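Colleague: Please take a close look at the salt bridges. I would like one connected account of the residues that take part and of what surrounds them.

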Amino acid sequence: IQMIAMPADTNPRGDIFGGWLMSLMDLAAGHTAPKGKSATRAATDIEFFKAVKVGNLVSCYTYLVSTGNTSATVHVDVYVGTIKVAQGNFVNVALTEDGKVRRIKDK
């Protein structure tokens, strides 16, 4: 997914707030997570390499690292242009419509 960083997303120094970037990463991971309803269980190994500035087009690229019985781990790489600015792993657990953990059908 892609998003333009806006002034409302800045920290007191004027750079884009890391929490905003993590939420974008979480949204991107959700697109690669198990089919159907799922929720983020954990975010690990998150690293920020470069500051993101207002007006930057932020691009998140994902790939599936592993799939278990009820959850999947998705890696997210974040770029501004050709510069990698962040990365991290997101574990998404598959849920039924009423919010209970379910098995992933296609592993």
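**Salt bridges and their surroundings**

Modeller: Asp 15 and Lys 53 meet through their side chains in a salt bridge, 2.6 Å from N to O; the term stands for a side-chain nitrogen of Lys or Arg within 4 Å of a carboxyl oxygen of Asp or Glu. Asp 15 sits in the loop between strand E1 (2-4) and H1, and Lys 53 in the loop between strand E2 (38-48) and E3, so the pair ties together parts that are 38 residues apart in sequence. Helices (H or I, at least four residues) and strands (E, at least two) are DSSP runs, numbered from the N terminus.

This is a predicted model, in which local features need pLDDT of at least 70 and side-chain atom pairs count only at pLDDT 80 or more, while totals for chains, interfaces and linings use all residues. Residues are numbered from 1 along each chain as its sequence is written, and side-chain values use heavy atoms, with hydrogens and water left out.

Asp 15 counts as buried, at 9% relative accessibility, whereas Lys 53 is partly exposed at 43%. Here buried means under 20% relative accessible area, exposed over 50%, and partly exposed in between (1.4 Å probe, protein chains only).

The count of salt bridges comes to four. One of them joins Lys 100 and Asp 98, whose closest N and O atoms are 3.5 Å apart. Lys 100 and Asp 98 are both exposed. Arg 13, Asp 15 and Lys 53 are joined into one network by salt bridges that share partners.

Asp 15 is also among the residues touched by Val 52, together with Ala 5, Ile 16, Leu 21, Val 58, Val 80 and Val 85; residues up to four places away in sequence are not counted. Contact here means heavy atoms within 4.5 Å. Val 52 leads on to the largest nonpolar core, a set of buried Ala, Val, Leu, Ile, Met, Phe, Trp, Tyr and Cys residues joined through side-chain atoms within 4.5 Å. This core has 18 residues, of which Val 52, Val 58, Val 76 and Val 78 touch the most other members. Helix H1 (18-32), E3, E4 and strand E5 (83-94) each give two or more residues to the core, and H1 gives the most, with six.

Another salt bridge is formed by the side chains of Lys 84 and Asp 77, at 3.0 Å from N to O. Lys 84 is partly exposed, with a relative accessible area of 27%, but Asp 77 is buried at 12%. Asp 77 has its place in strand E4. Its side chain also makes a polar contact with the side chain of His 75, at 2.8 Å. A polar contact is a pair of N or O atoms within 3.5 Å; within protein, one must be able to donate a hydrogen and the other to accept it, and residues adjacent in sequence count only if both atoms are side-chain atoms.

Leaving out residues up to four places away in sequence, Asp 77 touches Ser 59, Cys 60, Tyr 61, Tyr 63, Lys 84, Ala 86 and Gln 87. Of these neighbours, Tyr 61 is partly exposed, with a relative accessible area of 47%.
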